[in-house]
Amino acid sequence: MDLNVKIKRYNPEKDDAPHWETYEVPAEPDDSALSLLLYVKWHLDGTLTFRKSCAHGICGSDAMKINGENKLACSVLLQDLVSGDGDTITFAPLPAAPVIKDLVIDQSRFFEKYRAVKPWLMTEGPAPEREREQTQEEFNVIEDATKCIMCGACTHACPSTWSDPDYLGPAAMLKAYRYTFDTRDDGDEERLPVLDSDKGLWKCYTIFNCNQACPKDIDITRWLSALKRRSLTAA
Ligand code: FES
């Protein structure tokens, strides 16, 4: 089939504003959306700019807005996006961040927020002789959150992020959940005050956009609700 691939293009060195360009691309139903972008770049316009690395849903670098929804381009098949020959598929950068070029956004603030929640194990007391152990049951509590690949699809799907650029966002707070509920972590006193604010947990209105956008099907809203309860009981 041939598809119309409509891409939001923007080159800050040449363009006053973003604009749409459309390319005709041959494709098979079981191709990924990423393959369309690669075709355009390799055969039609080498200036097209986007991020990708693993092409297997692991690195999280090719999150973008595809047909209006935040997705990983490498992890979505065309048969789930279009019905056949002549259909149009749209690609735009993730919203709520400055565009560097075409589909590449500036993720600086996203990672600032990630660092703000201190996403590492904080421990007290002397280090053990060997590793810090954890039972399977203890790990089960955080396992879902450990699947996060930091693609940003959730944070950029959240209206609270759109309305307040300082909002921590679901990705950073999910990472905070992962460490707060890790039984080896002693960091509540340092981490929870960052979350317990109207730029953090209390700007999450539980609308589930993050769950819908997550390419790893993480139950983000559930874990953020658990983090809210932890924040309240720790206060
Ligand atoms: S290219 Fe790595 S997640 Fe898609």
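**Helix packing, sheet order and domain contact: worked exercises**

H5 passes H8 in a left-handed crossing. Keep that in mind as you work through this predicted model.

**Exercise 1. Work out how H5 and H8 are oriented to each other, and which residues do the touching.**

Solution. Start with the axes: those of H5 (residues 170-180) and H8 (residues 220-234) come within 9 Å and cross at roughly 60 degrees. Now try the cut-offs: roughly parallel needs an angle under 35 degrees, and roughly perpendicular starts at 65. The H5 and H8 pair fits neither, and is therefore oblique.

Next, the residues. H5 brings Pro-170, Met-173, Leu-174, Ala-176, Tyr-177 and Thr-180, while H8 answers with Ile-220, Trp-223, Leu-224, Ala-226, Leu-227 and Arg-230. Sort them by class and you get ten nonpolar, one polar and one charged. The polar one is Thr-180 and the charged one is Arg-230.

**Exercise 2. Is H5 roughly parallel or roughly antiparallel to H6?**

Solution. Look at the angle: H5 and H6 (residues 188-195) pack at about 155 degrees, their axes 11 Å apart. Anything over 145 degrees counts as roughly antiparallel, so that is the label for H5 and H6. As for handedness, H5 passes H6 in a left-handed crossing.

The contact itself runs from Met-173, Ala-176, Tyr-179 and Thr-180 in H5 to Asp-188, Arg-191 and Leu-195 in H6. That gives four nonpolar residues, one polar and two charged. Asp-188 and Arg-191 are the charged ones.

Now set this beside Exercise 1. Met-173, Ala-176 and Thr-180 of H5 meet H8, and these residues also turn up in the contact with H6.

**Exercise 3. Find the handedness of the crossing of H2 and H5, then describe what meets there.**

Solution. The axes of H2 (residues 108-116) and H5 come within 8 Å and cross at roughly 25 degrees. That is under 35 degrees, so H2 is roughly parallel to H5. The crossing is right-handed.

On the H2 side you'll find Lys-113, Tyr-114 and Ala-116, and they meet Ala-171, Ala-172 and Lys-175 in H5. The tally is four nonpolar, no polar and two charged. Both charged residues are lysines, one from each helix: Lys-113 and Lys-175.

**Exercise 4. In what order do the five strands of the open sheet lie, and which are the edge strands?**

Solution. Read across the sheet and you get S2-S1-S5-S3-S4, with mixed pairing. The edges are S2 (19-26) and S4 (69-72), each of which pairs on one side only. From one strand to the next, the twist averages 35 degrees.

To see where "mixed" comes from, check both neighbours of S5. S1 and S5 run parallel and are joined by four bridges. S3 (residues 63-66) and S5 (residues 88-92), on the other hand, pair in the antiparallel sense over two bridges.

Now go down to single residues. Phe-91 in S5 has Ile-7 opposite it, and Ile-66 stands opposite Phe-91 as well. Lys-65 stands opposite Ala-92 in S5.

One helix is left to place. H1 (residues 33-44) lies across S1 (2-9), S2, S3 and S5, and runs at about 95 degrees to S2.

**Exercise 5. How many residues does each domain give to the contact between them, and which element of domain 1 gives the most?**

Solution. First the bounds: domain 1 covers 2-105 and domain 2 covers 108-234. Their C-alpha centres lie 29 Å apart. The contact takes 13 residues from domain 1 and 13 residues from domain 2. On the domain 1 side, S4 gives the most, with three residues. That side divides into eight nonpolar, four polar and one charged.

To finish, link this back to Exercise 4: S4, the top contributor on that side, is also an edge strand of the sheet.

Methods. Residues numbered from 1 in each chain as written. Predicted model: local features only at pLDDT ≥ 70, side-chain atom pairs only at ≥ 80, totals over all residues. Axes fitted to C-alpha atoms, helices over the stretch in contact; angles between N-to-C directions. Parallel < 35°, antiparallel > 145°, perpendicular 65-115°, else oblique. Left-handed = near helix turned anticlockwise from the far one by under 90°. Contact = placed C-beta atoms within 7 Å. Pairing = 2+ DSSP bridges. Domains from an automatic or database assignment.
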